Amino acid sequence: MGRKYVLGIESTAHTFATAIVDDELNILSDVRDVVKPGETLGIDPKLTAEHHANVAPQVLKKALDDAGMDIIDIDAVAYSMGPGLGPALRIGATVARAIAYKFKKPLYPVHHGIGHIELTSSLLGFKDPLVVIVSGGHTSILSFSLGRWRTYGETLDITLGNLMDMFARKIGIPFPGGPKIEEIARKGRKYIEMPYGIKGNNMVYSGLLTYATQLIGKEPVENIAYSLQETAFTVLVEATERALTQVSKKEIGLTGGVASNDRLYNMMCDMASEHGVKVGRLEKKYNSDNGVQIAVVGILYMKSGYAPVPVEEAVIKQRIRVEEVEVPWR
Ligand code: AMP
Ligand code: MG
């Protein structure tokens with residue numbers, strides 16, 4: 001039997017991406033096109049969809065060219081079905097359906113968050129991790145149980161990525177603000193007490209955003225950014241620790257755009273080491289949205305013999321939760 005190949009298509013938010021992955025999870029190509037700041041202030045769903053529609057043909061062609069393949073050599077198509085921005089999701093799903101229909105390829109809708117989880121687990125070699133997803137779209141603590149990924153804790157209002165981006169915008173930094181805030185925070189010298197939002201295993205961040213925003217102009221911005229990060233990250237690390245004591249895992253996989261933050265990573269490592277738990281994260285480029293995470297899940301579906309979805313049933317689900325998705329490969 002020859003190798004099998006899956007084309008993954010990602011379009012939940014700012015990134016339109018395609019990738020080709022084989023059944024041993026070798027990455028043959030990985031092409032992305034991100035909406036640039038200025039093109040949209042923050043993320044405007046309609047302009048983002050327009051961007052995705054414009055770049056889709058060349059992003060797809062480059063993924064095939066880089067892999068040295070023709071579209072007919074692909075064995076299945078996987079696409080992000082959600083959660084995400086409706087208009088943006090619709091572009092990826094439409095491209096996926098068109099290919100599946102025209103070339104008679106099996107089609108797998110993929111939960112975007114499960115893409116982050118499975119890519120992180122497989123590249124790190126983590127078998128049964130507690131997963132912490134911190135991105136623009138998610139802030140959740142998850143673990144696998146009874147056939148599905150389960151949420152142990154999550155933000156009750158805005159995500160950690162939103163918190164960073166919204167604060168950044170208030171001080172004139174365009175999307176994505178997180179990396180700049182990390183830089184500014186490094187120069188902070190004084191910790192300012194800020195609202196500490198934790199409820200059970202859940203995080204609450206909007207009060208913190210309001211508080212930090214009100215300090216702009218009254219305190220050095222370095223100290224605000226530093227205190228904002230320290231507070232927000234401590235909340236997340238404490239919630240993760242609470243979850244860890246309930247599920248007793250040996251590994252934590254940190255993923256999503258905010259996982260690139262070194263301060264957050266180090267704080268998570270400090271907490272985990274007290275419990276004899278290992279923390280892993282991927283190289284930066286795999287924390288951001290990409291087609292590889294979608295293709296990897298497509299491969300997992302295919303290898304487990306899971307039934308593909310007929311083209312007419314291949315929809316998008318803007319608000320789908322991980323618990324709604326059956327995971328046949330674990
Ligand atoms: P994603 O939604 O997974 O593509 O991640 C994008 C989010 O990650 C945005 O909110 C960024 O501001 C945030 N982000 C990226 N790098 C960093 C960083 N070094 N520190 C904090 N946030 C970051
Ligand atoms: Mg994401």
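Select L130 in β6 and I252 in β11 of this predicted model: the two are bridge partners. Widen the selection to both strands, β6 (130–134) and β11 (residues 251–255). They run parallel and are joined by 4 bridges.

Stay on β6 and show its side chains. L130, V132 and V134 point one way, while V131 and I133 point the other way. This is the pattern to expect, because side chains in a regular strand alternate between the two faces of the sheet. Which residues of β6 are buried? The count is 5 of the 5, so the strand is largely enclosed by the rest of the structure.

Next, follow the chain out of β6. A hairpin of 4 residues leads from β6 to β7. Select β7 as residues 139–145. β6 and β7 run antiparallel, with 4 bridges between them. To see the register, pick I133 and look across to S140 in β7, which stands opposite.

Return to β11 and go to its other partner, β12. These two strands run parallel and share 4 bridges. G253 can serve as the marker here, with G280 of β12 as its bridge partner.

Now display the whole sheet. It is open and has 5 strands, in the order β8-β7-β6-β11-β12, with mixed pairing. Where are the edges? They are at β8 (148–154) and β12 (278–281). Each of these has a single partner strand, so one side of each is left without a neighbour in the sheet. Looking along the sheet, neighbouring strands are turned by 25 degrees against each other on average, with direction ignored.

Add helix α8, residues 262–274. Helix α8 lies across β6, β11 and β12, and runs at about 160 degrees to β12.

Move to the metal by selecting ligand 2, a magnesium ion. What coordinates the ion? The donors are H112 and H116, each through NE2, and D289 through OD, at 2.1 to 2.3 Å. In sequence these donors follow the spacing H-x3-H-x172-D. Both histidines sit in helix α3 (residues 112–124). H112 and H116 are separated by about one helical turn, because they are 4 residues apart in that helix. Both are buried.

From the histidines, step to Q293, found in helix α9. Is Q293 buried or exposed? It counts as buried, because its relative accessibility is 0%. Beyond its neighbours within four places in sequence, Q293 is in contact with H112, G115, H116, L119 and S288. Two of the metal donors, H112 and H116, are therefore among the contacts to show around Q293.

Colour the largest nonpolar core next, which has 58 residues. The members that touch the most others are L7, I9, Y79, I99, I114 and W149. Helix α9 (residues 292–303) gives the most to this core, with 9 residues. The core draws at least three residues from each of domain 1 (5–116 + 287–324) and domain 2 (128–284).

Centre on I99 within this core. Leaving aside neighbours within four places in sequence, I99 is in contact with L7, I9, L60, I71, V77, K104 and K105. Finish by selecting M203, I224, L228 and A243, which are among the 46 residues of another core, lying apart from the largest one.

How values were computed
Residues numbered from 1 in each chain as written. Chains lettered and ligands numbered in written order. Predicted model: local features only at pLDDT ≥ 70, side-chain atom pairs only at ≥ 80, totals over all residues. Heavy atoms only, no water. Donors = N, O, S within 2.8 Å, 3.2 Å for Na, K, Ca; no water. Buried < 20%, exposed > 50% of the residue type's maximum accessible area, 1.4 Å probe, protein only. Pairing = 2+ DSSP bridges. Axes fitted to C-alpha atoms, helices over the stretch in contact; angles between N-to-C directions. Contact = heavy atoms within 4.5 Å. Core = buried A, V, L, I, M, F, W, Y, C linked by side-chain atoms within 4.5 Å. Domains from an automatic or database assignment.
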